[in-house]
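Reader: I would like to go through this model together and ask, for each label, what it rests on.
Author: Let us take the labels one at a time, with the structure in view.

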Amino acid sequence: MKDKLMTSTLTISQLTKTFGGVKALTDVSLSVAPGERVALLGHNGAGKSTLMKIILGLIPADDGKVSVCGAEPGNAEARAHVAYLPENAAFHSALTGLEQITYYMRLRNQNTSGAMGLLDRVGLGHAAKRRIGTYSKGMRQRVGLAQALIGQPRLLVLDEPTSGLDPVSRRDFYELLDGLAADGAAILLSSHALTEVEARTDQLLILSGGRLVAEGTLSELRREAALPVSMQLHPVNGYDADIMATFPDAIRVNSALHLTCLQDEKLAVLARISALEGKLSDVEVIPPSLEDIYSHFSRRDGQ
Amino acid sequence: MIARILATAANEFHIARRNRWVLIAVLLMVVFSLVLSAAGSAPTGALGADRLSVVVASLTSLSVYLVPLVALLMSFDAVAGEVERGTLPLLLTYPVARWEVLAGKLVAHTAILIVAILAGYGAAAVVTIVADPTATSGLVALWRLTWTSALLGATFLGIGYALSSLARRVSGAAGLAIGLWLGLVVLYDLGLLAAVVADDGGAFTTRVFPLALLANPADAFRLFNLTASQATAVAAGVGGAANAIPQWQSLLSVAIWPLISLVLAALAFRKVEP
């Protein structure tokens, strides 16, 4: 842990932020190492955007420490290394995509000859010379993504980056992120859906009511949540009564029998099920879904 | 720093061109200048001034209204528009200082104003000199009017940015800008005149009135141009008071106001939380 803190691109410890007496963030600590992809999950109003704005130096924290690439958030050195993609990225509708990206490249002191290549990379090459006012939401999001790629940032802060993207673009987007992380960029992205980020991030953080309520890899969270496993038993005609006798807690749903058990009991239950061979036409084992796990953590604080 | 200011200026220029602000500003200045030079070229001779100097006196009265108006129209959206569109947070995460953003906008907007002023005054000068070749002696006055108009424009651009930062909403900023224009350019003079008439040569007229004129950038601009070209004879109203105030004082006010308004704008912009 100590090693990680020393080499982290982003380190936050015991961060607190209050808006007019309402606590937006309470005692939040986290770190993101170079090459690490961290997903920040939470409902609307859980504090994700507030946390990101503090990291970017757009609003000050009340208490706690934030270090961005070894600098204070929002100072010139930190800003030189940090890229941001706001939720619902907005741009002036009178500018073309190319003009907008060229402007951002000049602000980052980059050679603007790469602007067209950057737009090609996010699949906007064909629309580069059209006004952003004519773009769809997904296209504006891609302009936002293109500007976040300018000048090899060391930390990318992405606020709900995949909202508004179709499933194919979403996959392309995560492939881009994989490439950036492989080059050593630290990535912090937020989402309100665990299903969107599961396979593509190294670390998950769940924020609820301004507190960090869970952190770990998906399998760690799955284990910690210890949610019950569901099973669906399909009896062969006429054997319903026998099965109900073996599993008195089962609930009839249409023609099937529904059964839940704890993770630890799963194998024992399966053994009892296999003893019913001949009386069952099929068995389905349904592990807790990603949304179940997410709800488990994000509602624990009484939300 | 310079590169970032110029990048912002180029960006703003693209936006102003697309939004037709360049065209609107140039057309306004050209049309009004031509109308005035046509109307103002009649009563010469009797005053002993050349035709162009008389036109300059008319243009001065026009510019007092028009230059602040165009400047405020171009600037009221500068910060409030970014806040309302949601483009400000992203811009402020870039390695660019807030004052650099304002400076970039100022460079673009001032450049557009200067183009409009040159086009308007230039058209008036060409028309006047073609009609009366001896009028070239008034070019000095015209040049003076040109650079002071640019300074007046910069002053009101700065005021517009400050109002835009304070309002944080485009509609609010537009209302404030129009209200301020009415107040400083129209009502201020009316109020002063009413006070002078009521005072009837008392302490207000001799002490407060000159200071009040110098404190208002639009009045200082008019005073400076009228005293310098000694065209006060053709100017009515407040302009008639120009003789009482030394020229260096109005020049100082004209030169210092852009700085004051830009500092105010930078301070107001700093308080905007994205």
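Reader: How do you know what span is expected for helix H8 of chain B, and what does H8(B) reach from its first C-alpha to its last?
Author: The model is a predicted one, and all that follows should be read in that light. Helix H8 of chain B covers residues 170-199, which is 30 residues, and at 1.5 Å a residue the expected span is 44 Å. The helix reaches 41 Å from its first C-alpha to its last, which is close to that expectation.

Reader: At which residue does H8(B) bend, and by how much?
Author: The bend is at Leu187(B) and amounts to about 45 degrees, where the angle is taken between axes fitted to the seven residues ending there and the seven starting there. Beyond the helix comes Asp200(B), which has a positive phi near 55 degrees.

Reader: Which residues of H8(B) are called buried?
Author: The label needs 20 or more other C-beta atoms within 10 Å of a residue's own, and in H8(B) it is given to Ala173(B), Leu176(B), Ala177(B), Trp181(B), Leu184(B), Val185(B), Asp189(B) and Leu192(B).

Reader: Why is Val35(B) called partly exposed?
Author: Val35(B), found in helix H2 of chain B, residues 21-40, has 13 C-beta neighbours inside 10 Å. A residue is exposed with 12 or fewer and buried with 20 or more, so the count of 13 places Val35(B) in between, as partly exposed. Its C-alpha atom is separated by 27 Å from that of Arg18(B), 17 residues apart along the chain.

Reader: What makes strand E3 of chain A largely enclosed by the rest of the structure?
Author: Five of the five residues of E3(A), residues 37-41, are buried, and therefore the strand is described as largely enclosed. In a regular strand the side chains alternate between the two faces of the sheet. Here both faces are covered, with Arg37(A), Ala39(A) and Leu41(A) buried on one side and Val38(A) and Leu40(A) buried on the other.

Reader: How do you know that E3(A) pairs with E7(A) and E8(A)?
Author: Pairing asks for at least two bridges between two strands. E3(A) has five bridges to strand E7 of chain A, residues 186-191, and four to strand E8 of chain A, residues 203-208, so both pairings satisfy the criterion. E3(A) runs parallel to E7(A) and also parallel to E8(A). As examples of the register, Ala39(A) stands opposite Leu189(A) in E7(A), while Val38(A) has Gln203(A) in E8(A) as its bridge partner.

Reader: Why are E11 and E13 of chain A said to stand at the edges?
Author: Four strands of chain A form an open sheet in the order E11-E12-E10-E13, with antiparallel pairing. Strand E11 (251-253) and strand E13 (280-286) each have a single partner strand, so one side of each is left without a neighbour in the sheet. Neighbouring strands of this sheet are turned by 30 degrees against each other on average, direction ignored. For E13(A) there are six bridges to strand E10 of chain A, residues 229-235, in an antiparallel arrangement, and Gln232(A) stands opposite Glu284(A) in E13(A).

Reader: Is Asn254(A) buried or exposed, and how do you know?
Author: Asn254(A) has 7 other C-beta atoms within 10 Å, and because the limit for exposed is 12 or fewer, the residue is exposed. Asn254(A) lies in the loop between E11 and strand E12 (256-261) of chain A, and has a positive phi of about 55 degrees although it is not a glycine.

Reader: Why does Asn109(A) count as partly exposed?
Author: Asn109(A) has 13 C-beta neighbours inside 10 Å, and since exposed stops at 12 and buried starts at 20, the residue counts as partly exposed. Asn109(A) is in the loop between H4 and helix H5 (115-121) of chain A, and its phi, near 60 degrees, is a positive value in a residue other than glycine.

Reader: How many residues of each chain take part in the contact, and what gives the most on the side of chain A?
Author: The contact takes 23 residues from chain A and 20 residues from chain B. Helix H3 (76-81), strand E5 (82-85) and helix H4 (97-107) of chain A each supply at least two residues of the side that touches chain B, and H4(A) gives the most, with five residues. By class, this side of chain A has 16 nonpolar, three polar and four charged residues.

Note on methods:
Residues numbered from 1 in each chain as written. Chains lettered and ligands numbered in written order. Predicted model: local features only at pLDDT ≥ 70, side-chain atom pairs only at ≥ 80, totals over all residues. Contact = placed C-beta atoms within 7 Å. Nonpolar A, V, L, I, M, F, W, Y, C, P; charged D, E, K, R; others polar. Axes fitted to C-alpha atoms, helices over the stretch in contact; angles between N-to-C directions. Expected span 1.5 Å × (residues − 1).
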